[in-house]
Structures are given as structure tokens and as C-alpha cells.
Amino acid sequence: MNMVITTLQDQRQVTEQLRREAAIKRIMVSKAIEDIMMYITEHEQEDCLLVGFSSQKSNPFREKSSCTVI
């Protein structure tokens with residue numbers, strides 16, 4: 001009996017997940033690509049990987065100074 005309840009609960013969860021997924025607004029891939037390209041173009045001057053950093057200290061990817069033990 002317990003196995004049937006677990007299976008029924010599992011099926012209810014699956015059904016609820018499928019309902020949530022079915023309710024998601026979908027757009028065509030070509031439209032999504034256009035939107036992504038427009039966003040990239042509008043924000044490229046703010047992209048530090050394209051234009052660089054204003055100073056070396058503001059670069060979080062810089063090599064850390066090494067500590068030498070004497």
C-alpha cells in the first residue's frame with residue numbers, strides 16, 4: 001500500500017511540474033538570438049572583458065602578488 005501512495009505522490013509532482021513548464025511563455029529561437037545580440041551591442045562599452053579595466057587594481061582577474069618567505 002505504501003508503494004502505491006509514493007507512486008501516486010510522485011505522479012502528482014510530475015504532473016505539477018509539467019503544468020508549470022507548460023505555462024512558461026515561449027519565444028522563437030531567432031527572436032531570442034536577436035534580443036541577445038541587441039543586449040550585447042547595447043552593453044559592450046560596459047564589458048570589461050572587451051574594453052579592459054580602468055586600472056590594474058580594479059581587475060579581479062589580475063595575478064595576486066606573491067609572498068616570499070625568507
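**Entry 1: D35.** I started with D35, which is partly exposed, with a relative accessible area of 29%. I should jot down that I'm working from a predicted model here. Buried would have needed a value under 20% and exposed one over 50%, so D35 falls in between.

**Entry 2: D35's partner.** Which residue forms a salt bridge with D35? I looked it up and found K31, with the closest N and O atoms 2.9 Å apart. The cut-off for a salt bridge is 4 Å, so this pair gets in. K31 turned out to be partly exposed, because its relative accessible area is 40%. Both K31 and D35 lie in helix α2. They sit 4 residues apart, about one turn of the helix.

**Entry 3: any other salt bridges?** How many salt bridges does the count come to? I get 2. Besides K31 with D35, I have R19 and E16, whose side chains meet at 3.0 Å, N to O. This time I'm in helix α1, which covers residues 2-22 and holds both R19 and E16. The spacing is 3 residues, again about one turn of the helix.

**Entry 4: exposure of R19 and E16.** Is R19 buried or exposed? R19 is exposed, since its relative accessible area is 55% and the bar is over 50%. E16 has 38%, so I wrote it down as partly exposed.

**Entry 5: back to helix α2, for a patch.** Next I went looking for nonpolar surface. I found a patch of about 310 Å², made by V29, I33 and M37. I checked where V29 lies, and the spot is helix α2, residues 29-43. Why does V29 count as exposed? Because its relative accessibility is 61%, and anything over 50% qualifies.

**Entry 6: zooming out.** I finally looked at the whole protein. What does the secondary structure come to? I have 3 helices and 0 strands in my notes. Reading along the sequence, I get the pattern α-α-α. Helix α1 holds the R19 and E16 pair, while helix α2 holds K31 and D35.

**Entry 7: surface totals.** How much of the protein counts as buried? Just 1% of the 70 residues, I noted. For the accessible surface, I wrote down about 7,200 Å² in total. Carbon and sulfur atoms account for 60% of that surface.

Terms used:
Residues are numbered from 1 along each chain as its sequence is written. This is a predicted model: local features need pLDDT of at least 70, side-chain atom pairs count only at pLDDT 80 or more; totals for chains, interfaces and linings use all residues. Side-chain values use heavy atoms; hydrogens and water are left out. Helices (H or I, at least four residues) and strands (E, at least two) are DSSP runs, numbered from the N terminus. Buried means under 20% relative accessible area, exposed over 50%, partly exposed in between (1.4 Å probe, protein chains only). Accessible areas come from the Shrake-Rupley method with a 1.4 Å probe; for residues, only the protein chains shown count as cover. Patches are made of residues with over 30% relative accessible area and no salt bridge: like charges are joined within 9 Å, nonpolar side chains (Val, Leu, Ile, Met, Phe, Trp, Tyr) within 5 Å.
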